[in-house]
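Reader: I should be grateful for a close examination of one helix pairing in this structure, set in the context of its surroundings. Please treat the geometry and the residues concerned in a single connected account.

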Amino acid sequence: MRALCLRISAALAFTSCAAPEPAAATPTRADTPLAAQSVLAWTNLRQGDSGSDVVTLQYLLRHAGYTLTVDGAFGPGTDSAVRSFQAARGLTVDGIVGGNTWEKLIVTTREGDNNNAVRAVQDQLRNAYGAGVTVDGAFGPATATAVRNFQASCGLSADGIVGPNTWLTLVT
């Protein structure tokens, strides 16, 4: 369940952020390096799952060079791409997207980027958190503002750069 962090900018219509649940790991903080975080904090996805986190996964797989439909449904095509990705990166090939797979999939995005990883960020901000951004792959000023507002509302360093801690908070 996505926890209510803070109500932020009415213009962006944010109402919540995903603060990591404390059950499996220490909550992500801007001063906690990714390596110190438990891989259990990442959302696990597998065939049969659906929703905004699957859309994010699919955009990130496309960014990594895999051809698949971005539809939010973790079906056979997504499963095949995940297994291929895992094999190519020396990961356990099980089709389950857990911490190790997420950490290989994510890429740092920032203003000026234009790619599928940016689409993943924009889709999370828009559909999971209510930001008024367009999912077009262009990390422009509106996306940068939405990222900074999201980061601030979740207790992250509001630098507008989507790095490991921001990805973790977006996806969990």
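Author: In this predicted model, helices α1 and α4 pack with their axes 7 Å apart, at an angle of about 170°. Angles over 145 degrees count as roughly antiparallel, and α1 and α4 therefore fall into that class. On the side of α1, the residues that take part are S52, D53, V55, T56, Y59, L60, R62 and H63. Their counterparts in α4 are N116, A117, R119, A120, D123, Q124 and A128.

One of these residues, N116, may be followed individually. N116 belongs to helix α4 and, with a relative accessibility of 18%, counts as buried, because the cut-off for that class is under 20%. Leaving aside residues up to four places away in sequence, N116 touches Y59, R62 and H63. Y59, R62 and H63 also appear among the α1 residues that meet α4.

Helix α4 itself comprises 13 residues, from 116 to 128. From its first C-alpha to its last it reaches 17 Å, which is close to the 18 Å expected at 1.5 Å a residue. Of its 13 residues, 10 are buried, so α4 is largely enclosed by the rest of the structure. The buried set consists of N116, A117, V118, A120, V121, Q122, D123, Q124, L125 and A128. These residues pack not only against α1 (52-63) but also against α5 (141-153) and α6 (164-171).

The two ends of α4 may be described in turn. At the N-terminal end, N115 acts as a cap, with a side-chain oxygen 3.0 Å from the backbone nitrogen of A117. Beyond the helix comes G130, whose phi is positive, near 80°.

Helix α1 has a further partner in α6. The axes of α1 and α6 come within 10 Å and cross at roughly 140°; the two helices are therefore oblique to each other. In that contact, D53, T56 and L60 of α1 meet W167, L170 and V171 of α6. D53, T56 and L60 are also listed where α1 meets α4.

The loop between α1 and α2 contains G65. This glycine has a relative accessibility of 61% and so counts as exposed. Its C-alpha lies 9.4 Å from that of F85, a residue 20 positions away along the chain.

Helix α2 (residues 76-88) holds both D79 and R83, which are four residues apart, about one turn of the helix. An α-helix has 3.6 residues a turn, so residues three or four places apart point the same way. D79 and R83 form a salt bridge, their closest N and O atoms being 2.9 Å apart. A search of the whole structure finds one salt bridge. Within this pair, D79 counts as buried at 12% relative accessibility, whereas R83, at 34%, counts as partly exposed.

The chain as a whole supplies the setting for these details. It has six helices and zero strands, and its pattern along the sequence reads α-α-α-α-α-α. Of its 172 residues, 48% are buried. Among contacts with a separation of 6 or more, 53% join residues 24 or more positions apart.

Key
Residues are numbered from 1 along each chain as its sequence is written. This is a predicted model: local features need pLDDT of at least 70, side-chain atom pairs count only at pLDDT 80 or more; totals for chains, interfaces and linings use all residues. Side-chain values use heavy atoms; hydrogens and water are left out. A salt bridge is a side-chain nitrogen of Lys or Arg within 4 Å of a carboxyl oxygen of Asp or Glu. Buried means under 20% relative accessible area, exposed over 50%, partly exposed in between (1.4 Å probe, protein chains only). The expected span of a helix is 1.5 Å times one less than its number of residues. Contact means heavy atoms within 4.5 Å. A polar contact is a pair of N or O atoms within 3.5 Å; within protein, one must be able to donate a hydrogen and the other to accept it, and residues adjacent in sequence count only if both atoms are side-chain atoms. Axes are lines fitted to C-alpha atoms, for helices over the stretch in contact, and angles run from 0 to 180 degrees between N-to-C directions. Angles under 35 degrees count as roughly parallel, over 145 as roughly antiparallel, 65 to 115 as roughly perpendicular and the rest as oblique.
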